[in-house]
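Thanks for coming. I have one structure to take you through today, and I will keep to what the coordinates show.

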Amino acid sequence: MSFPRKSAVTAGGVALVAILLYFVYENVHSRIIFGIREDFSKAIPYDKPVPGIPGIRAEQCGVCHRANYEEWKTSYHAKAYVDPFFQAYWRKDRHIWICLNCHAPMAPQQPWLIKGLEGGKVHKPIKTDNPNFDAEFQQEGITCAACHVRNGVIEGPNEDVQAPHPTRHSPRFRTTDICFTCHQVPSGPFQFYNGGPCSTFPEFEAGPYYKRGMICQDCHMPSIERPPIISGGPVRQGRQHLWRGGHSLEMLKQAVTIELTPDQPSLQPGQTANFTLRLTNSGAGHKIPTGDPDRYFTIGFEVVDGTGKVLKRQEDTLQRWIVWWPVIVEVYENRLAPHVGRDYRFQYRLPKNLDGLKLRAFVKYHIMTEKQYKKLQRNYGLSVEVPYVFTVYEQEFRLNEPLPMTASASEITSPQCNGRKG
Ligand code: HEC
Ligand code: HEC
Ligand code: HEC
Ligand code: HEC
Ligand code: HEC
C-alpha cells in the first residue's frame with residue numbers, strides 16, 4: 001500500500017516548494033533594487049514658510065537669483081521628475097513612493113504622506129493624502145529648496161550674508177555630504193552588489209581626486225564669479241548649477257582619453273593587421289560609468305568595404321554584470337577607475353585588394369540597452385524619443401594609405417576636470 005504514502009510525500013513536497021517560492025517572492029525577490037537609508041527614507045519637511053519671500057518655487061527664487069535659476073533649469077536635477085526615463089521606470093515600478101524621496105524630495109512635491117510601513121516592507125506603505133500637495137512644484141524635481149531650504153531658513157555656503165530671507169551657513173555645501181544622500185544608494189537585504197547599486201562614493205574615495213582634496217562640485221559645478229544681487233552687495237565666488245554628467249556629450253568627452261595605434265606604419269595585402277585602442281579614464285572622479293547599473297560603454301572596431309558592408313566587427317563593453325532574479329548578485333565588473341587605462345586589441349587578416357577598405361573604431365556611452373529602451377516604449381508608456389546612446393569617439397581611416405601612428409585623443413577642455421583644483 002505505498003501509493004497513498006507516495007502521493008502524500010509528493011503533496012508535502014509541492015507545498016514546501018510553494019512555501020519557499022512564496023518566501024522568495026515576499027522577502028528575497030526585490031520590488032526595488034536598493035535598500036533604504038535613514039537620510040532619504042522621508043520627504044524633506046516644509047512646515048514653516050520662509051519669511052521675506054513670496055514662496056519657494058524655483059522661479060520665485062529665480063526672480064533674484066536669475067543665473068542660478070537659468071543654469072539649474074538646464075540640468076538633470078530640474079528634470080529628475082519629468083525625465084521620460086524616470087517616468088517610464090516609475091510606471092514599471094507601480095509608482096512606488098520611495099522614488100520621489102530623491103527625484104522630487106520636498107514634502108509638498110509628494111501626493112501622499114507616509115505614516116509608516118506595514119511589517120517594515122517598502123511595498124506596503126501606510127499612506128494618507130497630502131493636503132499640501134502641489135502638482136506644479138512636483139514637476140520641478142530636485143528644486144532649489146531640496147538643497148537650500150530647511151526649517152524656514154535658507155542654507156548656503158557663506159557666513160556673512162545679508163538677504164531679504166533668513167540665511168544660515170551650512171558646511172554641507174562645500175563638502176560631498178550634500179551629494180551623498182542621493183548619489184550613494186545602499187543595497188537592500190538579499191542584494192549582493194559590490195558597494196551598492198549606485199556606488200559613486202567608494203569609487204571616488206578610493207581615487208586620486210579625493211586624496212587631492214577635490215569634491216564632486218569641482219567637476220560638476222564649475223566655479224564662477226557672481227555679480228551682486230542687490231546694488232552695493234558683494235561679488236561672490238559661486239558655482240554653476242549645471243551638474244552635467246552622462247547625458248552630456250561634452251562631459252563624456254572630458255572623462256576619457258583615447259589613443260588608437262596600428263602596430264605597423266603601413267599595411268601589405270595578405271598581412272595580418274593589428275590595432276590597439278587605449279581607453280583611459282582621465283577626467284572622471286569615479287569609475288566610468290558610475291551610478292545607475294544600466295549604464296555602460298562599448299569599444300568597437302569595424303572593417304568596412306567600399307560599399308559600406310561590414311566585413312568584420314568586434315565589440316567589448318565596460319560594465320557591471322548583475323543577475324537580477326531571484327536574488328540580486330553582482331557577478332563581475334570591468335569599469336575603469338580614475339586614471340586607469342586599458343588596451344583593446346583588434347586583428348584583421350587583410351585580403352589581396354585593399355582598395356576602398358576602411359577601419360572604423362568607436363567608443364560609445366549607453367544609458368541603457370536598445371532592448372530596455374524598446375521595452376519602455378512597448379510596455380511602460382515611453383512615447384517621446386530620448387537619446388540613449390552617445391558616440392564619445394569615432395575614427396576612420398583607409399587601409400591602403402599610410403596609417404596615422406596615433407589617431408586623435410579627445411581633448412580635455414575644462415581645467416576643472418583634468419585633475420587640477422579648479
Ligand atoms: C527678493 C530677492 C530674493 C529672493 C526671492 C530669494 N533670494 Fe536668496 N538671496 C537674496 C540676496 C540679496 C542674497 C544675499 C546675496 C549675498 O550676500 O551674496 C541672497 C542669498 C541667498 C543664498 C546665499 C547664501 C550664502 O551662503 O551665500 C542662497 C543659497 C539663496 N539666497 C537661496 C535662495 C533660494 C533657494 C530662494 C528661493 C526659495 C531665494 N534665495 C529667494 C535675495 C533673494
Ligand atoms: C535630492 C537628491 C539629489 C541630490 C542632493 C543631488 N543629486 Fe544629483 N541627481 C539626483 C537624481 C535623482 C539624478 C537623476 C536625474 C534624472 O536623470 O532623472 C541626478 C543626476 C545627477 C548627475 C547626472 C546628470 C546626467 O547628465 O546624467 C550628476 C552629475 C549629479 N546628479 C551630480 C550631483 C552633485 C555633484 C550633487 C551634490 C552637489 C548632487 N548631484 C546632489 C539626485 C540628487
Ligand atoms: C543639488 C543641490 C542644489 C540645488 C538643487 C540648488 N543648489 Fe544652490 N548651491 C548648491 C551648492 C553645493 C552651492 C555652493 C557652491 C559653492 O561652493 O559656492 C550652492 C550655492 C548657491 C548660491 C550661492 C552663490 C552661488 O551661485 O554659488 C545661491 C544664490 C544658490 N545656490 C541658489 C540656488 C537656486 C536659486 C537654486 C534653484 C534654481 C539652487 N541654488 C539649487 C547646491 C544646490
Ligand atoms: C575629476 C572630476 C570629477 C569628480 C571629482 C567627480 N566627477 Fe562625476 N563625472 C565626471 C565626468 C567627466 C563624468 C562623465 C563621465 C560619465 O558619465 O561616466 C561624470 C559623471 C557623473 C555622473 C553620471 C553617471 C554616469 O556614469 O554617466 C554622476 C551621477 C556623477 N558623475 C556624480 C559624481 C559625484 C556624486 C561625485 C562626488 C562623489 C563626482 N561625480 C565626482 C567627473 C567628475
Ligand atoms: C537614494 C536616491 C534615489 C532613489 C530612492 C531613487 N533614485 Fe533614481 N536616481 C538617483 C540618482 C542619484 C540618479 C542619477 C544617475 C546615476 O546615479 O546614474 C538616478 C537616476 C535614475 C534614472 C535614470 C534617469 C536617466 O535619464 O538616465 C531612472 C530611470 C531612475 N533613477 C528611476 C528611479 C525609480 C523608478 C526609483 C524608485 C524605484 C528611483 N529612481 C529611486 C537617485 C535615486
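I will go through the overall layout, then the cores, a small sheet, the ligand shells, and a few single residues.

To begin with, please keep in mind that this is a predicted model. The protein chain has 422 residues, of which 27% count as buried. Its secondary structure comes to 13 helices and 19 strands. Along the principal axes, the C-alpha atoms fill a box of roughly 100 × 80 × 40 Å. If you take the contacts between residues at least 6 apart in sequence, 66% of them join residues at least 24 apart.

The domain assignment splits the chain into domain 1, residues 1–29, domain 2, residues 31–173, and domain 3, residues 249–417. Between the C-alpha centres of domain 1 and domain 2 there are 47 Å.

Now the cores. Which residues have the most contacts inside the largest nonpolar core? They are Val256, Ile258, Leu279, Ile288, Phe297 and Val363, in a core of 29 residues. Two or more residues of this core come from each of α12 (249–255), β11 (256–262), β12 (272–281), β13 (296–304), β17 (341–349), β18 (358–366) and β19 (389–398). Of these, β13 provides the largest share, with five residues. There is also a second, separate core of 24 residues, and its members include Ala43, Trp72, Val149 and Cys216.

Val149 leads to the small sheet. Three strands make up this open sheet, in the order β3-β4-β5, with mixed pairing. The edges are β3 and β5 (167–169), each of which pairs on one side only. Strand β3 and strand β4, residues 153–156, run antiparallel to each other and are joined over two bridges. Opposite Val149 stands Ile154 in β4. Strand β3 covers residues 149–150, so Arg150 is in it too. Is Arg150 buried, exposed or partly exposed? It has 17 C-beta neighbours inside 10 Å, so Arg150 counts as partly exposed.

Next, the ligand shells, starting with ligand 3. It is surrounded by 24 residues, and the closest are Cys61, Cys144, Cys147, Gly238 and Arg239. At least two residues of this shell come from each of α2 (58–62), α3 (66–73), α7 (144–148) and β10 (236–239). Helix α7 gives the most to the shell of ligand 3, namely four residues. By class, this shell has 11 nonpolar, nine polar and four charged residues.

Ligand 2 has 26 residues around it, with Asp83, Cys179, Cys182, Gly245 and His247 coming nearest. Helix α7 appears here as well: together with α5 (100–103), α8 (177–183) and α11 (216–220), it is one of the elements that each supply at least two residues to the shell of ligand 2. The largest share is from α8, at five residues. The shell of ligand 2 divides into 13 nonpolar, 10 polar and three charged residues.

For ligand 5, the count is 21 residues, and those coming nearest are Phe85, Cys99, Cys102, Gly291 and Asp292. The elements giving two or more residues to the shell of ligand 5 are α4 (84–92), α5 and α8. Helix α4 gives the most, with four residues. The classes here are 14 nonpolar, four polar and three charged. Which domains each give at least three residues to the shell around ligand 5? Domain 2 and domain 3 do.

A few separate places remain. Gln191 sits in strand β7, residues 191–192. Gln191 has 21 other C-beta atoms within 10 Å and is therefore buried, since the cut-off is 20 or more. From Gln191 to Arg244, 53 residues apart along the chain, the C-alpha atoms are separated by 30 Å.

The other place is helix α13, residues 370–379. Why does helix α13 lie largely in the open? Because the number buried among its 10 residues is one. After α13 comes Gly381, with a positive phi near 70°. Lys374 also has a distance to report: its C-alpha atom and that of Arg150, 224 residues apart along the chain, are separated by 41 Å.

That is the end of the tour, and I can put any of these regions back on the screen.

Technical notes
Residues numbered from 1 in each chain as written. Chains lettered and ligands numbered in written order. Predicted model: local features only at pLDDT ≥ 70, side-chain atom pairs only at ≥ 80, totals over all residues. Domains from an automatic or database assignment. Near = placed C-beta within 6 Å. Nonpolar A, V, L, I, M, F, W, Y, C, P; charged D, E, K, R; others polar. Buried ≥ 20, exposed ≤ 12 C-beta atoms within 10 Å, placed from the backbone. Core = buried A, V, L, I, M, F, W, Y, C linked by C-beta atoms within 7 Å. Contact = placed C-beta atoms within 7 Å. Pairing = 2+ DSSP bridges.
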